Amino acid sequence: MSKRIAVLVSGNGSNLERLIELSRAGFIDGEISLVISSNEKAFALERAKRHSIPSRILHFNSRSCDAYSDVILQTIVDCEIDLIVLAGFLKILSGKIIERFRNRIINLHPSLIPSFCGKGMYGERLHRAVIESGVRITGATVHFVDGGTDTGPIILQEAVPVLCDDTVESLSGRVALVEHRLLPKAVSLFCKDRLTVRGKRVLITGGSYENSVVERL
Ligand code: GRF
């Protein structure tokens, strides 16, 4: 049965746009049924509106992370959601939602975890840290969310070279192109029930990953 997906956002929403596009094109056996934003000014809300997808604005309002996550959980349960996707969502989920949706919350991170991740590592600051560190390779990671920050089981990763003349803009732009393929692939695999978590490892089961439709993205 087609899965009902909620996408949580705080900003631009280019990854949300890709997910909508690819689910409507039939590459993902699921429907983007709800968009939740922590920020009323997020352009992602405009994208949801253009595609007639219901959206909610849930402000953090200086609550604790647990209390905020409980509000999100209630909304998700009311909308009968199967999968939660964090695509540029700047708040940390904690408390009951982590257990209730264990291995059913997917996060996208713009580096090769476990490098350049954890508290405060996001946005321009992250890509600047990558450039200043002198590493030759960065990338993107899609993982399940556990109780920590960027510590959950890794579903997919892809490397992106750091070039000598890279700026934050040029590097983040190339990482974003990879993210726009990697996140839909992971969501597609989830919707086909092809992801099995064993400890920290995620097994891609049920047929050859390389020959599967997600490889064509
Ligand atoms: C992405 O780089 C994602 O990895 C990070 O936030 C960014 C979201 O971009 N968590 P967008 O809002 O989907 O354009």
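Which polar backbone atom lies 3.3 Å from a nitrogen atom of the ligand?

1. The atom in question belongs to Leu108, whose backbone places a polar atom at 3.3 Å from a nitrogen atom of the ligand. The reader should keep in mind throughout that this is a predicted model, and that the distances discussed here are computed from it.

2. Two further polar approaches to the ligand involve its oxygen atoms. A polar backbone atom of Gly13 is 2.8 Å from an oxygen atom of the ligand, and a polar atom in the side chain of Asn15 likewise lies 2.8 Å from an oxygen atom of the ligand. Of the 370 Å² that the ligand exposes when taken alone, the protein buries 78%.

3. As for its position, the ligand sits in the largest pocket. Helix H1, which covers residues 14–24, and strand S5, which covers residues 105–109, are the elements that give two or more residues to the shell around the ligand. The residues around the ligand are Asn12, Gly13, Ser14 and Asn15, together with Gly88, then Leu108, His109 and Pro110, and finally Glu179.

4. Away from the ligand contacts, a reader may wish to look at Ser38, which is found in the loop that runs between strand S2 (30–37) and helix H2 (43–50). Although Ser38 belongs to a loop, Ser38 counts as buried because its relative accessibility is 11%, and buried means under 20%. The side chain of Ser38 is joined to the side chain of Ser10 by a polar contact of 2.7 Å.

5. Phe190 has its place in helix H6, which comprises residues 168–191. With a relative accessible area of 9%, Phe190 is buried. Phe190 and Ile106 are 84 residues apart along the chain, and their C-alpha atoms are separated by 9.4 Å.

6. The cysteines deserve a separate remark, since a search of the whole structure finds zero disulfides. Why does Cys117 form no such bond with Cys65? The sulfur of Cys65 is the closest cysteine sulfur to that of Cys117, but the two are 17 Å apart and therefore too far for a bond, given that a disulfide requires the sulfur atoms to be within 2.5 Å. In terms of accessibility, Cys117 is partly exposed, with a relative accessible area of 23%, whereas Cys164 counts as exposed, at 77% relative accessibility.

Terms used: Residues are numbered from 1 along each chain as its sequence is written. This is a predicted model: local features need pLDDT of at least 70, side-chain atom pairs count only at pLDDT 80 or more; totals for chains, interfaces and linings use all residues. Side-chain values use heavy atoms; hydrogens and water are left out. Buried means under 20% relative accessible area, exposed over 50%, partly exposed in between (1.4 Å probe, protein chains only). A residue is near a molecule or strand if one of its heavy atoms lies within 4 Å of it. A polar contact is a pair of N or O atoms within 3.5 Å; within protein, one must be able to donate a hydrogen and the other to accept it, and residues adjacent in sequence count only if both atoms are side-chain atoms. Accessible areas come from the Shrake-Rupley method with a 1.4 Å probe; for residues, only the protein chains shown count as cover. On a 1 Å grid over the protein atoms alone, a cavity is a set of points where a 1.4 Å probe fits but cannot get out, and a pocket is an open set with protein on both sides within 12 Å along at least five of seven lines; lining residues have an atom within 4 Å of a point. A molecule sits in a cavity or pocket if more than half of its atoms lie within 2 Å of its grid points. Helices (H or I, at least four residues) and strands (E, at least two) are DSSP runs, numbered from the N terminus.
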